[in-house]
Amino acid sequence: MNERTYRLLEYGEIINRVARCSMSEEAAALILEEKPLSDPAAVEELKARVSALLDRMNAGEGEKRESLPGIGPLLPRLNVEGTSLEAEEAYAIGLFVQRGETLKNWIAGNPSNTVFQAPAVLQTLLAEFPDCSAVAVEVFRVFDREGKLRDLPEFRAIRRRIQNLSADLEASVSRYTGNEETRRMLQSTVPSQRDGRTVLAVKANYRGRIRGIVHEVSATGQTLFIELEESVEKNNDILIEQRRLDAEIHRVLREMTSRIACHREALAAFHAGILLLERLRTKARYSRETGGHFALPGSDAANSFAATGTNANSSAVTVSDTANSAVNTSSLVLKQARHPLLGASAVPIDITMAPGIRTVIVTGPNTGGKTVALKTLGLFALMNQCGIALPAAEGTVLPVFDGIYADIGDEQSISQSLSTFSAHMTNIADIAEKAGSNSLVLLDELGSGTDPGEGSAIAMAILDHLIEKRVRLIATTHHGVLKNYGYTHEGVENASMEFDGRTLSPTYRILMGIPGESRAVDIAARNGLSADIIGRARSYIAEERSDVSALITGLKEKHRELNAATESARAEELRLREDRRRADLKELRLRQKEAEIKAGGMGRLHALLSESRKTLENLVREVREGELNREKTVKVKDFLRDLEAAVEAEDAALEAEQQDIDGERRRIEAEAAGDERWGDSNGGMDAAVNGRSRRNNERGGGKGRGGALQEPPVLGPGTEVLAGEQRRRGRIIRQDKKSSGNQGSGGSAPSWIVEIGSLKMSMSEKELIPVRPSAEERKPLISAADLAPAPAARLELSIRGMRLEEALESLRRQIDAAVLGGLHGFAVIHGKGEGILQKGVHDYLKKDPAVADYYFSRPELGGFGRTEVILK
């Protein structure tokens with residue numbers, strides 16, 4: 001790796017963005033100086049630590065985002081005997097230790113916390129920290145939390161004397177400022193200070209009336225600043241006491257510095273450790289803001305890292321999973337990769353280099369995105385080896401390279417007498433010499449800038465050389481000969497940038513395994529070249545390339561068809577899974593309702609029995625207490641008759657509820673079997689769950705979510721049914737004569753003679769489910785409204801110029817969109833002005849349950865005119 005590669009891949013811009021997330025200027029400076037690691041175990045350990053800190057941020061507990069003062073230049077001074085720190089310097093050291101301990105404790109977490117516990121990869125790091133609490137104690141014994149000197153006994157007597165002298169001096173001066181006669185001689189009745197001494201502003205023409213020492217004359221000569229003669233001694237005394245106070249403060253600071261210097265080695269180690277933690281936290285914060293995922297390593301890297309005895313214990317980087325996965329160091333996969341500098345305009349790309357593929361040759365149209373694809377891969381490799389999450393989907397796999405080399409763009413130099421071709425050859429010669437088997441090489445427009453025939457020959461020779469060295473290589477080209485090279489060499493695969501022939505514009509998607517056409521003529525026509533010139537160009541190339549073009553077009557069409565079929569199969573699988581889930585949910589609700597009904601019925605029966613027992617006991621007592629007569633006998637018979645009627649009523653109610661449940665269960669089972677049922681499968685379900693679906697249908701009530709409720713088929717001769725527990729399909733022949741006499745007399749449900757295959761049998765109506773002879777089109781389970789895209793959240797919401805109500809409504813929509821989109825934080829620009837928007841926004845954020853924290857931005861990002869919002 002070299003500076004030229006960093007510049008071509010714009011690595012510096014990414015590192016600048018990461019550094020801006022730091023709360024320490026020293027840590028930001030160290031991040032800017034960082035270079036990608038090349039040791040696989042070190043890379044995985046770094047990613048595991050950053051990932052663990054990202055999990056800590058996502059745990060939802062409050063993170064104190066306090067800036068860390070820079071104390072690096074102060075530490076060497078502690079090695080000098082007799083040195084004394086200034087008040088601001090000593091306070092900075094105390095503040096650094098205090099906030100460093102806060103950061104360390106936040107990362108360690110609470111041992112009893114079930115949400116987050118620091119994994120071993122962080123615990124080993126935290127265990128190495130020395131204890132510097134004594135330094136903070138020394139500093140804050142002298143200073144308060146605001147950085148002001150405390151009222152120590154050493155200072156108290158001197159300050160009291162200064163206060164008394166100042167009171168005497170003020171009384172002496174007030175005799176002039178409070179006297180009517182002398183007040184008219186003064187330009188101002190307010191005393192001022194000159195060189196630490198109290199003076200009065202006297203009009204020049206009254207100089208002789210007020211005796212004292214002239215310290216200064218105004219520019220116009222109209223005002224004299226005179227120290228009163230009677231105040232000279234008091235000013236002298238105050239000055240002497242002030243010098244004594246300064247000397248005492250200096251003594252206290254010198255002694256405090258001496259005590260701090262005893263911990264200088266521990267303080268230096270603590271300083272280095274806290275800056276390391278802040279760098280890790282900065283990378284985690286950037287990864288959180290960009291919504292990135294950590295690339296999976298190859299198995300070699302994972303095994304090497306696992307051998308060190310550490311475990312990432314993280315959702316984003318799990319060593320044990322990757323070590324046992326099928327992916328190894330010969331695999332390279334980018335999934336939905338978006339170039340981080342393109343923002344929302346970036347088109348996600350997929351690149352896959354399967355095991356055994358070391359070289360990919362990318363062809364396709366100009367402005368099709370080949371160069372951006374190369375830069376994305378190269379930049380991702382650099383970010384991965386710096387421990388930064390990538391803006392790509394989960395499942396991205398990147399090996400660790402010991403060298404990343406790129407030849408991208410036009411390096412023509414007039415001062416060095418280099419043409420475009422010469423510049424490319426100079427760079428490639430250097431790359432060919434340095435690249436090894438564990439290097440990544442990115443070559444843009446290989447073989448361009450010279451005669452096509454010779455350029456193709458040189459390009460193939462370069463490919464041969466790099467393939468022999470087993471370099472990981474991705475090259476882009478427009479030479480048609482190199483497309484055939486990809487088919488005829490082992491370990492080489494073709495790829496192309498997709499081009500939409502209907503709109504004559506690129507789609508910026510990569511098609512692996514298929515070479516592409518340059519489409520130079522189409523793009524020239526699209527950019528305004530005359531039709532006459534375009535026609536002649538087509539006539540020149542028609543004969544030579546017609547067969548190849550047709551082949552490539554056919555391959556692309558087949559590729560599109562395959563992708564469409566795959567997507568269709570995935571969609572169908574998701575739909576079936578959703579159907580199964582909903583059917584299971586319906587059955588679960590039905591069982592729950594059945595249990596509730598049974599419990600309710602038993603409760604009613606228990607209540608009935610309890611009341612009946614009391615009534616019966618009263619009747620028995622009346623019989624025992626007196627003679628048995630007709631009136632008492634009638635009472636007993638009436639009681640027994642009422643009890644029997646109540647029991648029959650409860651039985652009838654339970655039977656009706658059970659019939660509703662059984663009917664709905666049969667309908668659900670038929671639905672799960674894939675047959676058409678009576679009734680609407682959506683609207684009827686909610687009614688059945690409440691135990692009332694049949695009664696609603698009998699009233700002609702209703703409409704489900706899918707439209708009007710359909711009438712069920714009537715059971716009768718010729719009706720097709722599902723019979724028995726096995727739901728075998730059959731047809732009703734006629735009603736069973738044995739059960740026909742029971743209808744209308746309160747008997748059991750009628751029976752029917754059902755023909756199932758060659759068998760005929762009598763079955764109860766409860767065991768039959770009517771079905772329609774022809775399937776009807778089913779309503780979709782998911783409506784278009786369910787798939788409507790949610791409003792997109794923004795990283796920065798500007799409400800300047802809005803009224804307060806309008807601004808708060810925009811803020812509410814932004815918070816909702818951010819929560820739905822998984823955005824962990826954003827900024828609100830409200831400006832300063834009169835502070836109405838600022839106060840309204842802060843009042844709203846204070847009450848919103850989705851907001852974890854909010855604070856003003858750093859001065860360079862907007863200060864009091866911009867608020868950072870952190871969501872839970």
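Here are a few friendly notes on the sheet in this predicted model and the helices that pack on it.

1. Let's start with the overall layout. The sheet is open and built from four strands, in the order β1-β2-β4-β3, with antiparallel pairing. Strands β1 (192–194) and β3 (212–217) each have a single partner because they stand at the edges, so one side of each is left without a neighbour in the sheet. From one strand to the next, the twist averages 50 degrees.

2. Next, take a look at β2 and β4. Strand β2 covers residues 197–203 and strand β4 covers residues 223–228; the two run antiparallel and are joined by four bridges. For a concrete pair to display, pick Lys203, whose bridge partner in β4 is Thr223.

3. Two helices deserve a place in the same view. Helix α8 (residues 153–177) lies across β2 and β4, and runs at about 5 degrees to β2. Helix α10 (residues 232–261) also packs on the sheet, where it touches β2, β3 and β4. The direction of α10 makes about 145 degrees with that of β2.

4. Now for β3 and β4. These strands run antiparallel, with five bridges joining them. Val217 is a handy residue to click on here: it stands opposite Leu224 in β4.

5. Finally, the turn. What do β3 and β4 form, and how many residues lie between them? They form a hairpin, with five residues between the two strands. If you check backbone torsions, note Gly221 in this turn, which has a positive phi of about 80 degrees.

Definitions and conventions:
Residues are numbered from 1 along each chain as its sequence is written. This is a predicted model: local features need pLDDT of at least 70, side-chain atom pairs count only at pLDDT 80 or more; totals for chains, interfaces and linings use all residues. Side-chain values use heavy atoms; hydrogens and water are left out. Two strands pair if DSSP finds at least two bridges between them. Axes are lines fitted to C-alpha atoms, for helices over the stretch in contact, and angles run from 0 to 180 degrees between N-to-C directions. Contact means heavy atoms within 4.5 Å.
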